[in-house]
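Ready for a walk around this model? Keep your viewer open and your selection tool handy, and we will go from stop to stop together.

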Amino acid sequence: MSHPLPPGIPLSPERIRDLVEADHRYLWHPFTQMQEWYGQPCLIVAAAEGCSLIDAEGNRYLDGVSSLWANVHGHRRKELDQAIRNQLDRVAHTTLLGLAHPAAIELARELAALAPKGLTRVFFSDNGSTAVEAALKIAFQYWQQQKDERKRTKRRIVSFRNAYHGDTLGAVSVGGVDLFHERYRPLLFPSPKVTYPYCYRCHLGLSRPGCGMACADELEDVLEREGLSTAALIIEPLVQGAAGMVVAPEGFLKRVETICRKHEVLLIADEVAVGFGRTGTLFACEQEAVRPDLMALAKGITGGYLPLAATLATEEIFEAFLGGVAEGKTFFHGHTFTGNPLACAAALASLEIFRRERVLEQIQPKIRHFASRLESFRDLESVGDVRCKGLMAGIELVADKETRQPYPVEKRVAVKVILEARRRGLVIRPLGDVVVLMPPLAVTLEELDRILDVTYESIDTVTRALGRPGNKGKS
Ligand code: PLP
């Protein structure tokens, strides 16, 4: 690729040195052990273009995880840039508390038209965690405002082990990744947990398809016992992302919906990671014709450009909040930048690209290619499992393929793999020992091949160096 570099790139060596020093002196990076950070090369992304990131020295890297699962149509898409500029000529920020603006109104109308049937009301916020917080509070308050007194006992939120719904305390309460969440347990509200199917390490010791999806029975049992006190269940539809791209077996989501309906428990679909085409359909729930009562959206909603989120609700839920002010049914919740106009303008432009370029049709061959090429990773001796759904994939590395034993944590195997990939021009980020790939939907087949080639070579190189035999099929 010999594209000219954006203006001002590369930065001078003195400027880069100064930035690295200031980074180490002043910044506290999220989800990062800063002591380890100081010992690693500091990649400063100074620009981006299409599916590539460009560092301060002018080196290009493929954006293999869509800038934290957000980017959809590539970076610096002229339609998105222009929509934001056009909005800037009108107003950068106003508020939805007591006022409205055209972009939020139009976007709410579009989301209601595109969402699974029944989700007609749109409550904006500004990130995935806040979209989840709003959903949890709405679900709780909905039952509190029922005429039937017996239903006001429905207060609990059931959630899945290994779930990740964000980092605010409500979202952490319904989270289940011990490494991230356990520390905060004394600050959290209790949330009964059920197990999400992780077929590679089935907690029941069963295997597909003979298992009859016995894992779903646990939810049935919990709601049988606690349905009367349960307001809602929250789920990451089809894929538990942060758990390591754990893909649920076909039919699991539908089964969950059926169980929730039976016990009059609201279903909250957290589509923050899987929404906006990532699994191959606009929303993951569509694949099993599931109609949640509440749905959380963020990340890809603006094409991954700006912070925006939405919590969608059914008309029935919305109506439970109507009444005279003195009735106390108002939803007292909202953030300063809720439904920010620049972000809404970007979201409208992103949806226009989905429509005009028939993005969901265009990605189908890429999804097939991705899935078929990922199969070859199973040849690597250090790869225990390969999971993918749409353009989301997780490659689980193991020290022993037979016993499925993980690498010792201190080996930092997946971290070494991503650093090796970076040297080869690919930016990816691991989850534990799972190497995650999640390219923007705009990725070309050539770029996809490059992402897969580099990942394969990087896993092979690093795990050979750690003493694994590497690719048994080829040597
Ligand atoms: N829900 C899911 C399923 C996610 O994957 C994430 C983030 O990765 C969140 C919620 C939180 O989103 P945010 O980081 O925007 O708060």
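Start by selecting G128 and the ligand: a backbone N or O atom of G128 lies 2.8 Å from an oxygen atom of the ligand. Bear in mind as you look that this is a predicted model. Now add N127, where a polar side-chain atom sits 3.2 Å from an oxygen atom of the ligand. Then bring in D270, which places a polar side-chain atom 2.6 Å from a nitrogen atom of the ligand. How much of the ligand does the protein bury? Taken alone, the ligand exposes 390 Å², and the protein buries 84% of that.

Next, show the whole shell. Besides the three residues you have already picked, the ligand's surroundings include W69, S129, Y164, H165, G166 and E236. V272, A273 and K299 also belong to the residues around the ligand. Colour the shell by type and you should find 4 nonpolar, 5 polar and 3 charged residues.

Now switch to the cartoon and look for a sheet of 7 strands. This open sheet runs in the order β4-β12-β11-β10-β7-β5-β6, with mixed pairing. Its edges are β4 (119-125) and β6 (193-194), each of which pairs on one side only. Zoom in on the β6 edge: β5 (residues 156-160) pairs with β6 in the parallel sense over 2 bridges. Select F160 and you will see V194 of β6 opposite. For the helix at this stop, select residues 252-262: this is α10, lying across β5, β7 (230-235) and β10 (266-270). Its direction is about 175° to that of β7.

Our last stop is another open sheet, this one with 4 strands in the order β13-β14-β17-β16 and antiparallel pairing. Here the edge strands are β13 (383-389) and β16 (429-431), each pairing on one side only. From one strand to the next, the twist averages 25°. Pick out β13 and β14 (residues 392-397), an antiparallel pair joined by 6 bridges. Within that pair, R387 stands opposite G394 in β14. Which strands does helix α13 touch? Select residues 359-375 to find out: α13 packs on the sheet and touches β13, β14 and β17 (434-437), and its direction makes about 10° with that of β14. Finish with residues 413-423, helix α14, which lies across β14, β16 and β17 and runs at about 165° to β16.

Methods:
Residues numbered from 1 in each chain as written. Predicted model: local features only at pLDDT ≥ 70, side-chain atom pairs only at ≥ 80, totals over all residues. Heavy atoms only, no water. Near = heavy atom within 4 Å. Polar contact = N/O pair within 3.5 Å; in protein donor to acceptor, adjacent residues only side chain to side chain. Areas by Shrake-Rupley, 256 points an atom, 1.4 Å probe, with all protein chains shown as cover. Nonpolar A, V, L, I, M, F, W, Y, C, P; charged D, E, K, R; others polar. Pairing = 2+ DSSP bridges. Axes fitted to C-alpha atoms, helices over the stretch in contact; angles between N-to-C directions. Contact = heavy atoms within 4.5 Å.
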